[in-house]
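Please look over the chain shown below, with attention to its backbone geometry and to the way its strands are arranged. The notes after it are meant to be read alongside the coordinates.

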Amino acid sequence: MKYLYFFILVFVSCTNHDSKLNFETNDSLSIKSLSVNDEKIVDTNFTDKNGLKQGLWITKDNVYNITIARNYKNDTLEGISKSYEEWPKHKLYGVSFYSKNKSKWSVLPNYFEKTTLKFTHVFAFKAIAIHEDSLYVKIPYENGRIWIEGSYIHVSDNCNDLPTGELRSYYKNGQLKTIENWKVRKKIDEDGRTVGTSNLNGKYIMYDSTGNILLDTVFKMAPWIVELKN
């Protein structure tokens with residue numbers, strides 16, 4: 001099987017550890033065991049003796065057929081939060097990360113499932129939103145392994161948040177998939193707004209799921225690459 005790579009020339013606008021509280025972050029929406037101030041949590045939606053939410057809380061919206069799984073520490077949102085569509089089937093819809101009750105980033109994994117049939121996993125500037133000027137993100141798969149990690153910057157509220165510097169993506173088995181480098185370009189549009197794009201710029205390596213190198217090259221301001229198999 002041969003791999004053919006070519007460029008699409010388009011312009012695109014824009015483990016922390018706590019000894020007293022350990023979260024299990026798998027896709028089963030369950031917790032094996034947590035301990036908070038000597039209280040043992042054995043189920044979801046747990047409130048401690050002080051009335052504070054602890055551990056995994058699951059809520060359901062029957063009107064919109066959505067299930068939301070959030071992690072709490074002392075009544076404060078902390079860690080990964082997941083939302084699931086329940087119709088026509090149970091499916092992961094969105095993933096967010098909270099720290100001290102503040103959302104740091106959010107992503108719609110289903111977007112990538114629909115687009116990466118042709119595109120590699122590397123053009124990770126769509127469907128990811130960060131809620132700071134810049135942020136290093138680690139986005140997990142359903143099984144808890146890291147899917148994409150790297151730095152993103154927020155250009156403006158009118159365009160996508162963009163990767164900058166080295167970005168890495170992984171297969172579901174934990175094997176490294178790509179090492180890539182990105183460079184952000186900003187400009188002022190006709191309405192006076194700051195917009196931008198992020199291009200592949202520098203060393204790029206792609207591996208198969210067993211660690212063999214499929215592509216080792218250098219790009220210069222390339223928007224992304226498309227992978228075709230024949």
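The report below moves from the chain as a whole to one set of paired strands and then to single backbone features.

## The chain as a whole

The model discussed here is predicted, and its chain holds 1 helix and 18 strands. Of the 230 residues in the chain, 43% are buried. The accessible surface amounts to about 13100 Å², and carbon and sulfur atoms account for 49% of that area.

## Strand E13 and its partners

Strand E13, which spans residues 146–153, is mostly covered, with 6 of its 8 residues counted as buried. Strand E13 pairs with strand E12 (residues 134–140) in the antiparallel sense over 7 bridges, and it also pairs with strand E14 (residues 162–170), again in the antiparallel sense, over 6 bridges.

Individual bridge positions help to fix the register of these pairings. Pro 140 has Ile 146 of E13 as its bridge partner, while on the side of E14 it is Arg 168 that stands opposite Glu 149. The connection between E12 and E13 is a hairpin with 5 residues between the two strands, and in its turn Gly 144 adopts a positive phi of about 95 degrees. As a general point for reading such strands, side chains in a regular strand alternate between the two faces of the sheet.

## A cis peptide bond before proline

Which form does the peptide bond from Trp 87 to Pro 88 take, cis or trans? The bond is cis, with omega near 5 degrees. Pro 88 itself is placed in the loop that runs between strand E8 (79–85) and strand E9 (91–99).

## Positive phi at two asparagines

Asn 65 has phi near 55 degrees, which is a positive value in a residue other than glycine. This residue is found in the loop between strand E5 (53–61) and strand E6 (66–73). Because its relative accessibility is 35%, Asn 65 counts as partly exposed, the cut-offs for that class being under 20% for buried and over 50% for exposed.

Asn 101 likewise has a positive phi in a residue other than glycine, here near 75 degrees, and it lies in the loop between E9 and strand E10 (102–107). Why is Asn 101 counted as partly exposed? Its relative accessibility is 45%, and so Asn 101 falls into the partly exposed class, which lies between the buried and exposed limits.

Terms used
Residues numbered from 1 in each chain as written. Predicted model: local features only at pLDDT ≥ 70, side-chain atom pairs only at ≥ 80, totals over all residues. Heavy atoms only, no water. Helix = DSSP H or I, 4+ residues; strand = E, 2+ residues; numbered from the N terminus. Buried < 20%, exposed > 50% of the residue type's maximum accessible area, 1.4 Å probe, protein only. Areas by Shrake-Rupley, 256 points an atom, 1.4 Å probe, with all protein chains shown as cover. Pairing = 2+ DSSP bridges.
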